[in-house]
Amino acid sequence: MGHFFVIYVEFDVRKEDIFQKVEIYDSLRRRGRTTDCINKNSQGAIFLRMLQAFLSKFAFHGSPNCSKLVEDPDFILKNSVFKTCPQQENGNDCALFALATVLHLCNNVAIDASTFSQHDITELRGSL
């Protein structure tokens, strides 16, 4: 593993369509990915399945929708997508790219490929 990426999930235990948003932001996304769909064998899909299992035990337990998550381990993958985000130019800044992505998401700043740059991350590293 050794690579950080961000998973953003919005869900409501009471709604039939449990997961409103499931997004993955990966600063190394250029490597071999040509679609926004989640590959069921990818590391992101593995983490999403683990999150779903956790939610079924601790957030959805006893709710009418819990059985959906238990019966279909890929339920969370149905509407999951890779989102466009800034791409790192080296192999050692993924944690800082992930941190910058989380900070932008927490502040409701839309993220695209130009939201911040490798230069911004290099400056962030220096200021830390």
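These are my notebook entries on a predicted model, covering its sheet, its helices, its salt bridges and two loop residues.

**Entry 1: the sheet**

I began with the strands. Three of them form an open sheet, in the order β1-β2-β3, and the pairing is mixed. β1 and β3 (80–83) stand at the edges with a single partner strand each, so one side of each has no neighbour in the sheet. I also looked up the twist: neighbouring strands are turned by 20° against each other on average, ignoring direction.

Next I wanted the pairings behind the word "mixed". β1 and β2 run antiparallel and are joined by six bridges. β2 and β3 pair in the parallel sense, over four bridges.

Then I went through some residue partners. F11 stands opposite F19 in β2. V9 stands opposite V22 in β2, and V22 has S80 as its bridge partner in β3. I can follow V22 from one pairing into the other that way.

How enclosed is β2? Five of its seven residues are buried, so β2 is largely enclosed by the rest of the structure.

A reminder to myself for looking at strands: in a regular strand the side chains alternate between the two faces of the sheet.

**Entry 2: helices on the sheet**

Which strands does helix α1 touch? Helix α1 (residues 43–58) packs on the sheet and touches β1, β2 and β3. Its direction makes about 40° with that of β1. I checked α3 as well: it lies across β1 and β2, running at about 25° to β1.

**Entry 3: a closer look at α1**

I did a length check on α1. With 1.5 Å a residue, its 16 residues should span 22 Å, and the end C-alpha atoms are 23 Å apart, which agrees.

Which residues of α1 are buried? They are G44, A45, L48, Q52, L55 and S56. Looking down the axis of α1, I found these buried residues within an arc of 110°, so they line one face of the helix. The face turned away from that buried side carries the exposed residues M50, K57 and F58. As for what covers the buried residues of α1, the cover includes β1, β2, α2 and β3.

**Entry 4: salt bridges**

How many salt bridges does the structure hold? There are five. I went through three of them.

The side chains of D74 and K40 meet in one, at 3.7 Å from N to O. D74 is in the loop between α2 (66–71) and β3, while K40 is in the loop between β2 and α1, so this pair ties together parts 34 residues apart in sequence. K40 counts as partly exposed, with 48% relative accessibility. This pair isn't on its own either: K40, R49 and D74 are linked in a network of salt bridges.

Another joins K78 and D72, whose closest N and O atoms are 3.0 Å apart. K78 counts as exposed at 52% relative accessibility. D72 is partly exposed, with a relative accessible area of 24%.

My third pick was D93 with R125, at 2.1 Å from N to O. D93 lies in the loop between β3 and α3 and R125 in helix α4, so the pair ties together parts that are 32 residues apart in sequence. Are the two partners buried or exposed? D93 counts as buried, at 3% relative accessibility. R125 counts as partly exposed, at 42%.

**Entry 5: two loop residues**

I finished with D12 and V109. D12 has its place in the loop between β1 (6–11) and β2 (19–25). Despite the loop position, D12 counts as buried, because its relative accessibility is 14% and the cut-off for buried is under 20%. Not counting residues up to four places away in sequence, D12 touches I18, Q20 and F60.

V109 is in the loop between α3 (94–106) and α4 (118–127). At 36% relative accessibility, V109 counts as partly exposed. Which residues is V109 in contact with, leaving aside its neighbours within four places in sequence? I found H104 and T115.

Last, I looked up V109 against V9, the β1 residue from Entry 1 that faces V22. V109 and V9 are 100 residues apart along the chain, and their C-alpha atoms are separated by 16 Å.

Technical notes: Residues numbered from 1 in each chain as written. Predicted model: local features only at pLDDT ≥ 70, side-chain atom pairs only at ≥ 80, totals over all residues. Heavy atoms only, no water. Buried < 20%, exposed > 50% of the residue type's maximum accessible area, 1.4 Å probe, protein only. Contact = heavy atoms within 4.5 Å. Pairing = 2+ DSSP bridges. Axes fitted to C-alpha atoms, helices over the stretch in contact; angles between N-to-C directions. Salt bridge = Lys/Arg side-chain N within 4 Å of Asp/Glu carboxyl O. Expected span 1.5 Å × (residues − 1). Arc of directions from axis to C-beta.
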